Amino acid sequence: MEVINSFMTWVFKSRLGQIEYFKKAPHAAQDSVLKDLIEAGKQTKFGKEFDFSSFKSYQDFAKNVPLNDYEGFKPYIDRVMKGEQNLIWNTEIEWFSKSSGTTSSRSKYIPVTEKSLEECHFKGGKDMVTIYVNNYPDSKLFSGKSLTIGGSLESNPLNSNSKAKAGDISAVIMRNLPIWAQFARTPSLEVALMNEWEAKIEKMARETMDENVVSIAGVPTWTIVLLRRILEIKKAKNILEVWPNLEVFFHGAVAFGPYRNLFKELIPSDKMRYMETYNASEGFFGLQDQIDSDELLLLLDYGIFYEFIPMESWEDENPTVLPLWEVEVGKNYALVISTNGGLWRYKIGDTVRFTSTKPYRFKISGRTKHFINAFGEEVIVENAEKAVEFAAEKTEATIENFTAAPAYFGNNGEKGAHEWIIEFAKNPTDLAKFEELLDQHLREINSDYDAKRHKDLALVKPIIHVAESGLFQEWLRKKGKLGGQNKVPRLSNSRDYLDELLAIMK
C-alpha cells in the first residue's frame, strides 16, 4: 500500500507545473481560454446568432454577446434538453446538473458537456489532490478509501425518452468517474446515487463504517448527519475510533466557519486537515491552495472565461462588466462566466471578493440574491457567517444551521430588525451573550449595519429564535428538496423562508 501511495502522489504532482503557469501568467491563460471558447462557439447555432466568426478580441465578445441569467438562458437549455444539439456547444450534451430553482421553476438544469467534465470538474478534483499532497508530503491519501457524499440522478424531465440524465453535479461527476477512481472511493455507486436520503444515509453508514476511510469529500451538513449515524451504530465517542487513518475533509457548497467547532467535536484531532473547494453546477472555480489561509485560488485554465460585475453596478440596466485583468482587491463582484459547458456570459448569482491579484485569490462573499438590504444595511452572507462564527466561539456554542431575514417596521411604531432562526448542535453558555456578540460583530465588520443600529434609530437588536434539532431538514423534506446540495438560504430580503420555518416551529 505504501508503494501505491508513493506512486499516486508522484502522478498527481505532475500537474504542479501547469498550476504554476496560470498563477504566473493569468491573463495569457484567460486569453487562451476565450479564444478556444469562441472557436468552439463559431460552430454552434448560438455562435452564428451572435456572429462569433467576426470576433477578434475580448471587446468584440463583450460587445456582441448579451449577459444572461438563468431565466434569460433557459430557452436555450430547454431546447437542448428536448433533444436539439449543436445549439450552445459543438458536441452532444448528455448530462444536466440540477440545482435549486428560480422564480419560474423548482429546479435549474445546467448543461454538462464531455469537455466540461474532463477539463473542468475532473481536472478540479485532480488539482485538489495535487495541491493537497504537495502541501502535505507526509500524506497517506492513497492508502485507503475516499468517502464521497453525492446526490442522485433522474431521467431528463423534458425528454424522458432521451439518453440524457440530470442530477446533482456530484452525482453526474460520480457516475462518469474512470474505473480507477471508482475503486478508490466508497460507498458503492448504487448506494451513493440513491434518491431517498434517509435510507441512503443509513446504507452509506453501514457500508462505509468498516472501510479504511482516509478522506471525506462532501457538503458539511450531510457529512455531519452521516458521521453521527455511524457513531450511533458503532457506539463510538468520535469518528477517529471508527476511522483512525482519516486525515482530510474536502468540503464545499456552504461556508465552513460555522461548522468548524462541530467537526472538531466529531473528529478531535489537531492533525485533521480541512480543504475548501468551490465546485458548482456551472464549473469548478476555486481551491484552497495554502495551508495557513482560507483564500481560494482562482482556476484559470479550466475552460472557463471569467468576467465580473461590480456590486454597485449589479442592478443597473447596463452594468459595468470587467475582465479579470481589471478587478481590484477588496471589492465585491458578481461572477459572470462563459464555459466549455455551453454557458455564455452567464450570471451565476455568486459574489466574490479578491484578496490578491498576484496570483488571483478570492473569497466567496455571498449571493446576488442572498443578502439583507431592507434598511440600507447591505449585510451579505459573508458578514453573517463571520458574526455567527464569532458569537459561537465566544459562547462555546456549535452551529448546525441558520437563516435570517428582515423584520420590517410595524404599524404601531415598531422599528426594523433582523430576525434569525439558529439551530445549535451545542447551545451557547449564555444565549443573551450570544445575541449581543452577534450584533456587536456585525456592527464591527459592516459599517452600513452599524449606522442603522446607531442608537436603535432604524434597526433594533436582532431577534433570535432557537430551533429544535432537525428543523432545517424538516423544511427541506416538506419542500421536496431533501438531499444533494439543497439548503435554506442563509440570508434573504424576503421573509418567505423564515416564515415557513417559524410555522414548522409552532
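Leu 296 has its bridge partner in strand 16, and that partner is Phe 362. I should say at once that this is a predicted model. Phe 362 also serves as the bridge partner of Phe 354. The strands around Phe 362 are as follows. Strand 11, residues 296-298, pairs with strand 16, residues 360-367, in the antiparallel sense over 2 bridges. Strand 15, residues 346-357, pairs with strand 16, again antiparallel, over 7 bridges. Strands 15 and 16 form a hairpin, with 2 residues between them.

Now the sheet as a whole. Its 12 strands run in the order 6-3-7-8-9-10-11-16-15-14-12-13, the sheet is open, and the pairing is mixed. Which strands are at the edges? They are strand 6, at 185-186, and strand 13, at 322-323, each pairing on one side only. Strand 13 pairs with strand 12, residues 304-310, in the antiparallel sense over 2 bridges. There, Glu 307 stands opposite Pro 323 of strand 13.

Two helices next. Helix 11, residues 197-208, lies across strands 3, 6 and 7, and runs at about 170 degrees to strand 3. Helix 12, residues 220-234, lies across strands 3, 7 and 8, at about 135 degrees to strand 7.

On to the rings. A search of the whole structure finds 36 aromatic pairs. One of them is Phe 263 with Tyr 274, edge-to-face, 6.2 Å centre to centre, with 80 degrees between the planes. Phe 263 is in helix 13 and Tyr 274 in strand 9, so this pair ties together parts that are 11 residues apart in sequence. Both Phe 263 and Tyr 274 are buried.

Why is the pair of Phe 308 and Tyr 333 called edge-to-face? Because the planes of the two rings are at 70 degrees, with the centres 6.1 Å apart. Phe 308 belongs to strand 12 and Tyr 333 to strand 14, 25 residues apart. Phe 308 counts as buried, at 1% relative accessibility; Tyr 333 also counts as buried, at 1%.

There are also charges over rings. Lys 145 lies over the face of Phe 183, at 5.9 Å from the ring centre. The charged end of Lys 347 sits over the ring of Trp 314, 5.1 Å from its centre.

Last, Asn 383, in helix 14, residues 381-394. Is Asn 383 buried or exposed? Asn 383 counts as buried because its relative accessibility is 10%. Its side chain makes a polar contact with the side chain of Asn 446, at 2.9 Å. Beyond four places in sequence, the residues that Asn 383 touches include Glu 378, Leu 442 and Ile 445.

Key:
Residues numbered from 1 in each chain as written. Heavy atoms only, no water. Pairing = 2+ DSSP bridges. Helix = DSSP H or I, 4+ residues; strand = E, 2+ residues; numbered from the N terminus. Contact = heavy atoms within 4.5 Å. Axes fitted to C-alpha atoms, helices over the stretch in contact; angles between N-to-C directions. Buried < 20%, exposed > 50% of the residue type's maximum accessible area, 1.4 Å probe, protein only. Polar contact = N/O pair within 3.5 Å; in protein donor to acceptor, adjacent residues only side chain to side chain. Phe/Tyr/Trp six-rings, centres within 6.5 Å; stacked < 30°, edge-to-face > 60°. Lys NZ or Arg CZ within 6 Å of the ring centre and 35° of its normal.
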